[in-house]
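Work through the following exercises with the sequence and the 3D structure open beside you. Try each task before you read its solution.

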Amino acid sequence: MKAAERRASILAVAKILFADCGYHGVSVDEIAKRLGVSPAVLYQHFTSKEALYEAVLNEIACHRESYVEAALTGPDDFSSVLTRMTRVYVDSVVNDPDYLKMEMQALLEDARLARQFFDSRWKSFTDFIEVNMQELTASGKFSQVNPRIASLMFQGMVREALYAKCIYDAERYQDYSPQELAEQLIELFLHAIGYRP
Amino acid sequence: MTTNVDSIDMELDARGLNCPLPILRAKKSMNELGSGQRIKITATDPGSIKDFEAFCKQTGNELQETTEVNGEFVFVIRKAGA
């Protein structure tokens, strides 16, 4: 097997095990056993379990290029950019819910890992919301709402929607696709923060 | 990286901002530049290297320099011709 193929197969198996068992719930030996190789083969590609975990995160995360494209393609007002970014994010989770499972595991088992998820996934959204709200409040496009709390509200509602649709497939929301659910929540969010285009 | 002695026509401080804010600020700033003019952008997000590569790929502008000094990333971008 070529090095690139081997690396990809390691990442694919590690992702499933991290999603099912969490970071601390799986060892390098177990990943190697599942792959049918020796641990030494894994260490040829990744210096540690932590490095492997980070590589899995980077691999399954939505490519940054998609966010750049979402930011640049179309109207550049606050609600349009936020909607397009959210669409990219929702698509990435729908295509690969294992990421969401890894996040849930991280939240339960290790605060440092959970912060890593926040920094690499949610911070783009929370910073985008906060900075825009701070700047636009002065121009009267927002009501007087705390931007930090508003960004937490956004994160909470989108993540919960993805749990409902991609993890436990809630019957309650079966009439909505993940994208429809996210778009309706964004509308509610914009209303709640008093956004005036 | 290429060495370019041309002048810088505009500077943008995107330090402390995460994707997509530096990209959006750069796009807005570059709307004020003429073809061939250059902007220097300073950012602190490590992901900004990939972001500005993607930015230039999508907009057709030329990423002329990428440097890192003490955790700060400096990009020089030349606006594409008409």
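Two residues are said to be in contact if their C-beta atoms, placed from the backbone, lie within 7 Å. Helices (H or I, at least four residues) and strands (E, at least two) are DSSP runs, numbered from the N terminus. The model is predicted, with local features needing pLDDT of at least 70 and side-chain atom pairs counting only at pLDDT 80 or more, while totals for chains, interfaces and linings use all residues. Residues are numbered from 1 along each chain as its sequence is written, and chains are lettered from A and ligands numbered from 1 in the order in which they are written.

**Exercise 1. Describe the build of chain A and its domains.**

Step 1. Begin with the elements: chain A has 10 helices and zero strands, and its C-alpha trace spans about 60 × 35 × 30 Å along the principal axes.

Step 2. Next, divide the chain into domain 1 (3–59) and domain 2 (62–192), where the bounds come from an automatic or database domain assignment. The C-alpha centres of these two domains of chain A lie 28 Å apart.

Step 3. Then look at where they touch: eight residues from domain 1 of chain A and nine residues from domain 2 of chain A take part in the contact. On the domain 1 side, helix H1 (residues 3–21) of chain A supplies the largest share, four residues.

**Exercise 2. Find which parts of chain A meet chain B, and explain how the buried residues of H5(A) are arranged.**

Step 1. Count the residues on each side: 15 residues of chain A are in contact with 15 residues of chain B.

Step 2. Identify the elements that give two or more residues to the chain A side, which are helix H5 (64–72), helix H6 (78–95) and helix H8 (111–137) of chain A. H5(A) gives the most, with seven residues.

Step 3. Turn to burial, where a residue is buried if 20 or more other C-beta atoms lie within 10 Å of its own, exposed if 12 or fewer, and partly exposed in between. In H5(A), the buried residues are Arg64(A), Tyr67(A), Val68(A), Ala70(A) and Ala71(A). They lie on the same side of H5(A), because they cover an arc of only 160 degrees around the axis, the arc being that of the directions from the helix axis to the C-beta atoms.

Step 4. Ask what covers these residues: the cover includes H6 and H8 of chain A, together with helix H1 (21–30) and helix H2 (48–59) of chain B.

**Exercise 3. Work out the sheet of chain B and the helices that pack on it.**

Step 1. Read the strand order of the open, four-stranded sheet, which is E1-E2-E4-E3 (chain B) with mixed pairing; two strands pair if DSSP finds at least two bridges between them.

Step 2. Locate the edges: strand E1 (10–14) and strand E3 (62–69) of chain B each have a single partner strand, so one side of each is left without a neighbour in the sheet.

Step 3. Follow one pair in detail, in which E3(B) and strand E4 (residues 72–78) of chain B run antiparallel and are joined by seven bridges. Here Glu65(B) stands opposite Val76(B) in E4(B).

Step 4. Add the helices, remembering that axes are lines fitted to C-alpha atoms, for helices over the stretch in contact, and that angles run from 0 to 180 degrees between N-to-C directions. H1(B) packs on the sheet, touching E1 and strand E2 (38–43) of chain B, and its direction makes about 160 degrees with that of E1(B). H2(B) also packs on the sheet, touching E2, E3 and E4 of chain B, and its direction makes about 175 degrees with that of E3(B).
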